[in-house]
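This report describes helix packing and selected residues in one protein chain. Please consult the sequence and the structure below while reading.

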Amino acid sequence: MTATADTGASGAAVDLTDPRLQSDPHAVFAELHRREQPVPASFPGVEQPVLLVTRYEDVRAVLSDRRFVNNPASIAGDDVENVRIKRLMDLGLTRDQARYLVDASILDMDGDDHTRMRKHVSRTFTVKRVNALRPRVEEITERLLDELPGHAEDGVVDLSRHFAYPLPITVICELVGVPEDQRMQWGDWGRRLIAAAATGGQLDALEGIVATTRELIDERRRTPADDLITALIRTHDEDGDRLSDIELVSIVLTLILAGHETTAHLITNGTLALLDHPDQLRLLQEDPDLGPRATHELMRRYGPVQATRMRYASEDMEVNGMRFERGDVVFGVLGGANTDPDVFPEPDRLDLTREPAGRRESHVGFGHGLHYCLGAALARQEGEVAFTRLFERYPDLSLAVGREELEREPFPLFWRLKALPVRLG
């Protein structure tokens with residue numbers, strides 16, 4: 001742990017289970033912006049303090065510096081503990097099970113291994129293929145909107161359960177090759193894993209995920225299809241730059257889980273934000289072509305992923321005037337970077353016209369550098385369609401409970417609603 005971390009006037013580390021980080025995380029980030037050095041924080045299940053980097057240029061610098069690694073095995077020597085593996089094993093996973101979520105995961109790979117894995121997957125998330133998916137995304141969206149009244153109880157619908165989750169899980173499962181009758185099960189597994197990780201419960205859903213993924217792979221070997229699983233199997237079986245069996249399973253489960261969880265919460269967070277800002281909602285309703293810019297702005301201010309995965313300093317170093325010691329565990333706080341007043345004037349103000357038209361984005365809601373989100377284009381597209389079509393179909397949509405009654409998942413550095421009860425109008 002670096003001795004130069006800025007602990008503030010009180011000398012106390014930030015408690016990442018502080019309720020304020022769920023109710024109003026950006027107010028906490030605003031306080032941290034004033035500190036010149038990384039800020040130490042306590043993370044559940046982690047004995048050593050972790051370091052928070054919150055300012056925009058600092059976050060980008062850390063995420064683009066290859067001296068920070070996602071897996072401590074990339075650091076010479078064996079004295080830097082893998083905090084994620086320890087945390088998973090504390091939650092009940094065996095070391096063998098944990099490798100699917102860490103060792104073989106593209107999210108935790110560095111260097112040549114990460115480049116190799118990303119090359120295989122990026123072929124699926126080309127701009128051309130994502131654009132070709134749009135009619136299907138629109139079709140799924142319209143069907144889910146048609147079905148919303150049927151889910152109402154006393155006129156109230158949980159938009160999270162019946163719209164925000166089903167849309168991205170259906171899209172990513174179709175892309176990957178998961179049969180229709182298994183898709184809601186994947187959604188349930190994802191929610192159970194997140195809940196277990198947040199509360200310290202058992203991660204028993206992983207056993208079902210791995211078993212089902214292996215069955216899907218075996219089925220696609222027998223009956224190839226036009227989907228990602230088939231393409232990855234072909235790489236595994238034929239390409240000289242092979243994927244291992246464990247990597248093949250890991251990449252499928254990672255894409256499905258990461259490919260719907262974050263998008264679902266972008267949709268719920270963004271919908272709530274639009275209801276809270278009727279002037280901005282009116283802009284979107286009057287000009288649906290504003291959808292891409294609106295989605296960028298909603299991701300900037302209300303993105304569900306408030307920080308990157310843990311990074312490890314591979315050596316003593318200085319970055320942007322910040323000092324780190326070898327083995328330091330670092331979080332790039334995306335939510336802090338996206339509300340840095342030196343980059344975004346009036347950062348807490350929602351302005352759907354803030355981003356310029358086009359594909360460029362100034363925020364770091366999807367990360368930055370080597371681990372920039374592979375599915376960012378698909379997530380943006382799903383958000384654009386969801387926000388515009390939802391309020392076209394139900395222009396009088398309103399919150400069904402008091403704002404103060406909404407609950408957030410108690411997950412450090414994630415900003416997720418448990419439910420979004422609404423009246424359709």
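## A buried residue in helix α17

A376 counts as buried, at 1% relative accessibility. The model discussed here is a predicted one. A376 is placed in helix α17, a helix that spans residues 376-393. In sequence, A376 and T254 are 122 residues apart, and their C-alpha atoms are 14 Å apart in space.

## Helix α9 against helix α17

Two packed helices are described by the angle between their axes and the distance between the axes. Helix α9, residues 166-176, packs with helix α17 at an angle of about 140°, and the two axes are 11 Å apart. This angle makes α9 oblique to α17, because an angle has to be over 145 degrees to count as roughly antiparallel. The crossing of these two helices, α9 and α17, is right-handed.

On the α9 side, the contact is made by L167, P168, V171, I172 and L175. The residues contributed by α17 are L378, E382 and A386. Sorted by class, the contact of α9 with α17 has seven nonpolar residues, no polar residues and one charged residue. The charged residue is E382 of α17, because Glu is counted in the charged class.

## Helix α9 against helix α13

Helix α13 covers residues 245-276, and its axis comes within 8 Å of the axis of α9, with a crossing angle of roughly 155°. The helices α9 and α13 are therefore roughly antiparallel to each other, since angles over 145 degrees fall in that category. As α9 passes α13, the crossing is right-handed.

From α9, the residues L167, P168, I169, I172, C173 and V176 take part in this contact. They meet V252, L255, I256, G259, H260, T263, A264 and I267 in α13. The contact of α9 with α13 divides into eleven nonpolar, three polar and no charged residues. The three polar residues are G259, H260 and T263, because Gly, His and Thr are outside both the nonpolar and the charged lists.

L167, P168 and I172 of α9 appear in the contact with α17 and also in the contact with α13.

## Helix α7 against helix α9

Helix α7 comprises residues 127-147. It packs with α9 at an angle of about 135°, and the axes are 10 Å apart. That angle makes α7 oblique to α9. The crossing of α7 and α9 is right-handed.

In α7, the residues R129, L133, R136, V137, I140, T141, R143 and L144 meet P166, L167, T170, V171, E174 and L175 in α9. By class, the residues of this contact divide into eight nonpolar, two polar and four charged. The four charged residues are R129, R136 and R143 of α7 and E174 of α9, because Arg and Glu are counted as charged.

## Two further buried residues

R116 is located in helix α6, residues 111-122. With a relative accessibility of 12%, R116 counts as buried, because the cut-off for burial is under 20%. Which side chain makes a polar contact with the side chain of R116? The partner is the side chain of E247, at 2.8 Å.

A196 belongs to helix α10, residues 183-199. Its relative accessible area is 5%, so A196 is buried. A196 and F411 are 215 residues apart along the chain, and their C-alpha atoms are separated by 9.8 Å.

## Loop residues

Is D154 buried or exposed? D154 counts as exposed, at 77% relative accessibility. The residue lies in the loop between α7 and β5, the latter being residues 156-158. D154 has a positive phi of about 55° although it is not a glycine.

E346 likewise has a positive phi, of about 45°, and is not a glycine. E346 is found in the loop between α16, residues 334-337, and α17. At 52% relative accessibility, E346 counts as exposed, because the cut-off for exposed is over 50%.

Q48 is placed in the loop between β2, residues 39-42, and β3, residues 50-53. Q48 counts as partly exposed, at 28% relative accessibility. Leaving aside residues up to four places away in sequence, Q48 touches V83, G327 and V329. The C-alpha atoms of Q48 and P149 are separated by 50 Å, and these two residues are 101 residues apart along the chain.

Notes: Residues numbered from 1 in each chain as written. Predicted model: local features only at pLDDT ≥ 70, side-chain atom pairs only at ≥ 80, totals over all residues. Heavy atoms only, no water. Axes fitted to C-alpha atoms, helices over the stretch in contact; angles between N-to-C directions. Parallel < 35°, antiparallel > 145°, perpendicular 65-115°, else oblique. Left-handed = near helix turned anticlockwise from the far one by under 90°. Contact = heavy atoms within 4.5 Å. Buried < 20%, exposed > 50% of the residue type's maximum accessible area, 1.4 Å probe, protein only. Polar contact = N/O pair within 3.5 Å; in protein donor to acceptor, adjacent residues only side chain to side chain.
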